Amino acid sequence: MVSLHSGSAADATPLSTGATRTPAAPPDQRLMSLDALRGFDMACLLGGQQIVAALAKGAPEGSWLHALRQQFTHVEWAGFRFYDFIFPLFLFMIGMAVPYAVDRRRARGETSSRILRHALIRFAGMVFFGWWATGNLLSWDVAQMRLSYSVLMMLGFGYLIAVLLVLFTSLRTQIVATGAILVGYWVLQMGVPVPGHVAGEFKAGAILSDWLYDHSVGLLGKPWSSQYGRGFLLSPWPHGATAMLGVFATQILRGAAAPGKKLRWLVLLGAACLAAGWWWSLHFPIVKNRWTSTYVLWAGGWSFLLLALFYWIIDVRGLRRWAGLFTAIGSNSLLAYLIASVFVAPFRSLAERLFGGLLAHLGDYWSGVGMAVTTFGFAWLLLVYLHRQKIFLRL
């Protein structure tokens, strides 16, 4: 995926809204909070959801375990649960990586066109791995493939939009462009009527993005059409806005201000995004399936706040040991995603082979919990080993 190389705050220059570029951060220095937060996000996908599901199996409705299990499922349409946060949080952190990557390449003397060419190659890699992981490319059967949408593809679109804005515009223009994307997406989705529906009816099939898909990519049939593709032709833009929120977080952390002031800015922006997202949602609902502008703000608000928490604990207070597992997982995020999406079966087989007989004596409930912990424990151990050997799968 995208590396989150981070510079020392002491070496950064003050935040500016002009066209002046911030000098590159030293490539060998990192903000450990970013690696740990990225690993926390991936751990929720690689094991977290499955372990919670095993723990909550049979939990009565109204219990805290049942409520926790609900938080690890997606909302069908409007609303927001913790599991709806994993995707935008990762995209937020991809955006955080962009200014570091751009400035590091500029420091090596690369031109903007060369940096953009590298970004396009990386985007193509994301699209390919997205097809490979969730587009059923490995079926080798065109009738089973779904190539018009994948999580990695949408991460790639968000990344590419952020790279373009960081490469060719000033910070002030980036802020204006991000706001324009959010407002423009709202205007198109809520203000443009489609045949058979009235403007302002935000329902599946009743909005512009769905109509555009149904009358273009959706007509192509297999392998291009996808049950998740509706909205695809417009949603890359708000994905880009999510990545840009991460860019703004990086500008704060690279500033010359004291850590306490940086924390206050992160918290303030987080609270502002939450307040704006809630107020706007009274008219424009928070819908992950269409990545609405309110969803961008709501998820972005929580991203700023969670980043502030990790930054305060790890980089300000220096409490790092507890985050070692998260750091190892986060350093190989692409591999972690591929394990969760494609390669979990070998780890489950290994767990069954080594401990299946023993766990069977614990009863159905604890056997299920133990199998989930053991399966993903093996995956985590592999990522820890690769981290210690400095072996990383990256585009």
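Here are some short exercises on the structure above, each with a worked solution.

This is a predicted model, so to speak: local features need pLDDT of at least 70, side-chain atom pairs count only at pLDDT 80 or more, and totals for chains, interfaces and linings use all residues. Residues are numbered from 1 along each chain as its sequence is written, and side-chain values use heavy atoms, with hydrogens and water left out.

**Exercise 1. Check the confidence.**
What is the average pLDDT of the protein chain, and over which residues does pLDDT stay under 50?

*Solution.*
- Start with the score itself: pLDDT is the predictor's confidence in each residue, from 0 to 100.
- The protein chain averages 89, and 92% of the residues score at least 70.
- Now the weak stretch: residues 1–28 stay under 50, and the model has 88 contacts for them beyond four places in sequence. A contact here means heavy atoms within 4.5 Å.
- Where pLDDT is low, the predicted coordinates should not be read in detail.

**Exercise 2. Place Arg-38.**
Is Arg-38 buried or exposed, and which side chain does Arg-38 join in a polar contact?

*Solution.*
- Find the helix: Arg-38 sits in α1, residues 32–55. Helices are DSSP runs (H or I, at least four residues), numbered from the N terminus.
- Look at accessibility: Arg-38 counts as buried because its relative accessibility is 3%. The cut-offs are under 20% relative accessible area for buried, over 50% for exposed, and partly exposed in between (1.4 Å probe, protein chains only).
- Then the partner: the side chains of Arg-38 and Asp-35 are joined by a polar contact of 3.1 Å. Such a contact is a pair of N or O atoms within 3.5 Å; within protein, one must be able to donate a hydrogen and the other to accept it, and residues adjacent in sequence count only if both atoms are side-chain atoms.

**Exercise 3. Follow Leu-208.**
Which residues does Leu-208 touch, not counting residues up to four places away in sequence?

*Solution.*
- Leu-208 belongs to helix α7, and Leu-208 is buried because its relative accessibility is 12%.
- With that sequence limit, Leu-208 touches Leu-188, Gln-189, Val-192, Val-194 and Leu-234.
- Back to the residue of Exercise 2: Leu-208 and Arg-38 are 170 residues apart in sequence and 34 Å apart in space, C-alpha to C-alpha.

**Exercise 4. Spot the backbone oddities.**
Which peptide bond is cis, and what is the phi of Asn-136 and of Lys-390?

*Solution.*
- Keep the background in mind: most residues other than glycine have a negative phi, and most peptide bonds are trans.
- The bond from Lys-222 to Pro-223 is cis, with omega near 5°. Pro-223 lies in the loop between α7 (208–214) and α8 (236–253).
- Asn-136 has a positive phi of about 60° although it is not a glycine. You'll find Asn-136 in the loop between α4 (112–134) and α5, and Asn-136 is partly exposed because its relative accessible area is 32%.
- Lys-390, also not a glycine, has a positive phi near 60°. Lys-390 comes in the segment after α13 (363–388) and is exposed, because its relative accessible area is 68%.

Technical notes:
Helix = DSSP H or I, 4+ residues; strand = E, 2+ residues; numbered from the N terminus.
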